[in-house]
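Me: Please give me a close look at one pocket in this model: what lines it, and what the lining residues connect to. Then follow on into whatever else bears on the packing.

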Amino acid sequence: MTEFILYRHVRLGIEAVKIGFSWPAFCFGPIWMLAKKLWSIAAVFLVLVIPLTLIEVAISGVLEIVLSILVSIVSSLVCGFMGNKWREDNLLTRGYEGMATIQAETPDAAVAKFAETA
């Protein structure tokens, strides 16, 4: 079972955010950020990663490969470890309120479980 924090918005409904590491954020980074409406974080992320990518292109040889792997690993880890926290902060900024912490298999199951108890 996974723990989820449930957030409720008066008009937009309930969102469940997993506590801990985010595999979708780790694997898909900026695409995941845009899908979750984390516009400013995606912009900052791209502003930081694009220059590093341009530096990689300018460097040739083994150093390019090492730098490329390092940038990919570090950026993926940052997204994975911070993704759910960024999402929580974004939901609170958008007017959601924290409701409860629930253990469930999936976010949808957490929302359904909360609906049963409410």
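**The second largest pocket and its setting**

Reply: The lining of the second largest pocket consists of 11 nonpolar residues and one polar residue, with no charged ones. The model is a predicted one. The volume of this second largest pocket is about 160 Å³. Its lining is made up of Ile41, Val44, Phe45, Leu48, Val49, Leu52, Leu70, Val71, Val74, Ser75, Val78 and Trp86. The polar member is Ser75, because Ser is not on the nonpolar or charged lists. Helices H2 and H3 each contribute at least two of the lining residues.

Trp86 is a useful place to start. Apart from residues within four places in sequence, Trp86 contacts Met33, Leu38, Ile41, Val78 and Cys79. Of these partners, Ile41 and Val78 also line the second largest pocket, while Met33, Leu38 and Cys79 belong to the largest nonpolar core. That core has nine residues: Ala25, Trp32, Met33, Leu38, Ala42, Phe45, Val49, Cys79 and Trp86. Helices H1 (23-35), H2 (39-58) and H3 (62-93) each give two or more residues to the core. Phe45, Val49 and Trp86 are among the residues found both in this core and in the pocket lining. Another core, separate from the one just described, has seven residues, including Ile102, Ala104, Ala110 and Phe114.

The largest pocket is a useful comparison. It encloses about 280 Å³. Its lining has 17 residues, and those closest to the centre are Phe4, Lys18, Pro24, Asn84 and Pro107. Strand S1 (2-9), strand S2 (13-18), H1 and H3 each give two or more lining residues, and S2 gives the most, with four. By class, eight of the lining residues are nonpolar, four polar and five charged, whereas the second largest pocket has no charged residue in its lining.

Pro107 lies in helix H4, which spans residues 107-117. Its relative accessibility is 38%, so Pro107 is classed as partly exposed. Beyond residues up to four places away in sequence, Pro107 touches Phe4 and Ala16. Phe4, like Pro107, is one of the residues closest to the centre of the largest pocket. Between Pro107 and Cys27 the C-alpha distance is 18 Å, with a sequence separation of 80 residues.

The aromatic residues give another view of how H1 and H3 are joined to the rest. There are four aromatic pairs in the structure. Phe21 and Trp23 have ring centres 4.8 Å apart and planes at 65°, so they pair edge-to-face. Phe21 is buried, because its relative accessible area of 18% is under the 20% cut-off. Trp23, at 51%, is exposed, because that value is over 50%. Phe21 also pairs edge-to-face with Phe81, at 4.8 Å between centres and 80° between planes. Phe21 sits in the loop between S2 and H1 and Phe81 in helix H3, so this pair links parts 60 residues apart in sequence. Phe81 itself is exposed, with a relative accessible area of 58%. Together, Phe21, Trp23, Phe26 and Phe81 make one aromatic cluster.

To return to the pocket you asked about, its lining is drawn in part from H2 and H3, and both helices also give two or more residues to the largest nonpolar core.

How values were computed:
Residues numbered from 1 in each chain as written. Predicted model: local features only at pLDDT ≥ 70, side-chain atom pairs only at ≥ 80, totals over all residues. Heavy atoms only, no water. Core = buried A, V, L, I, M, F, W, Y, C linked by side-chain atoms within 4.5 Å. Buried < 20%, exposed > 50% of the residue type's maximum accessible area, 1.4 Å probe, protein only. Contact = heavy atoms within 4.5 Å. 1 Å grid on protein atoms, 1.4 Å probe; cavity = no way out; pocket = protein on both sides within 12 Å on 5 of 7 lines; lining within 4 Å. Points joined across faces, edges and corners; volume = space filled by probe spheres on them. Phe/Tyr/Trp six-rings, centres within 6.5 Å; stacked < 30°, edge-to-face > 60°.
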